[in-house]
Amino acid sequence: MTGILGLLAVGAVAALANLAGGLLVASSGVYRPGAKLLKYLVALGAGFMLAAIFIEILPETFVIWSGSGSNTAEGIVGATTLLLGGYLLIQLFEHTVAPHFHFGAETHPEHLMKPSAAYAAIGGLTIHTFFDGVSIASAFLVNFRVGFLVFIAIMLHKLPEGFTVASIMLASGRSPKKAAAAALAIGAATFAGVVGVALMSERIEGAVAYALPFSAGVTLYVAASDLIPEVNRSEEKNPIVSIAVFAGVALFYLLHLMIPR
């Protein structure tokens, strides 16, 4: 288990990673810095996140729900319903509320976005990063190992999130300062997600039983519906990128074995 100050510390680190990614774009004046490295990082993160969900988060969730007074079948149904809810919430925001947002989508100066589209995309990404924070805090409230592994999984796509949001702002004709401010905003949303779960856990007994599977659904969407399609597109030009997905799974499994509960 991790105290409130510990949760705030890891939330701040994750938020700063968003900001750092945005500042790299805003300060350099280019749209896709380190594109090759970014593609490998996205692929590694996708594999790591998928492994975290199915090897660590879901088993822990079923244990929590089975021990909450429900029988095993009811616990599994309750947990998977919340997981589906988390997945569908991000689908709603990314493709209904903010349909112009696509994680890692290519942005080019010759194809500038309308400012309204850019702000809609950032709105979707803000919701996305808020639940990054929810996932981190919920996992740490279960135990240190779950929290650490989820934290690493999310950190692997924090820089790309910052790259994406700053690129969107620059592509819409906004200034580097506004691009940096957008990265700061999504970082603040990450931190707010951590704070929200931390405060809720102090006031509502058993809140983590609901927050953990819900945030797992969000993480599943990010990995399977945002990151993996980007990997598949990159694979058309560089088949080696897909190997990084399996490397991410292997890295997770190695850490899973090494880190004590």
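Start at the nonpolar surface patch: select Phe54, Ile55, Tyr253 and Leu257, which together make about 410 Å². Patch members have over 30% relative accessible area and no salt bridge (a Lys or Arg side-chain nitrogen within 4 Å of an Asp or Glu carboxyl oxygen), and nonpolar side chains are joined within 5 Å. Areas are Shrake-Rupley values with a 1.4 Å probe. This is a predicted model, where local features need pLDDT of at least 70, side-chain atom pairs count only at pLDDT 80 or more, and totals for chains, interfaces and linings use all residues. Numbering runs from 1 along each chain as its sequence is written, and side-chain values use heavy atoms, leaving out hydrogens and water.

Now colour helix 2 (35–66) and helix 9 (241–258); each gives two or more residues to the patch. Helices here are DSSP runs of H or I, at least four residues, numbered from the N terminus. Leu257 sits in helix 9 and counts as exposed because its relative accessibility is 56% (exposed is over 50%, buried under 20%, partly exposed in between).

Next, go inside. The largest nonpolar core (buried nonpolar residues joined through side-chain atoms within 4.5 Å) has 30 residues, and Leu7 and Ile136 have the most contacts inside it. Helix 4 (115–142) brings the largest share, eight residues. Click Ile136: leaving aside residues up to four places away in sequence, Val10, Ala14, Val150, Phe151, Ile154 and Val194 touch it, with heavy atoms within 4.5 Å. A second, separate core has 20 residues, including Ala51, Leu149, Val245 and Phe252.

Last stop: Ala185 in helix 7, partly exposed at 35%. Its C-alpha is 9.0 Å from that of Asn18, 167 residues apart along the chain.

Note on methods:
Buried means under 20% relative accessible area, exposed over 50%, partly exposed in between (1.4 Å probe, protein chains only). Patches are made of residues with over 30% relative accessible area and no salt bridge: like charges are joined within 9 Å, nonpolar side chains (Val, Leu, Ile, Met, Phe, Trp, Tyr) within 5 Å.
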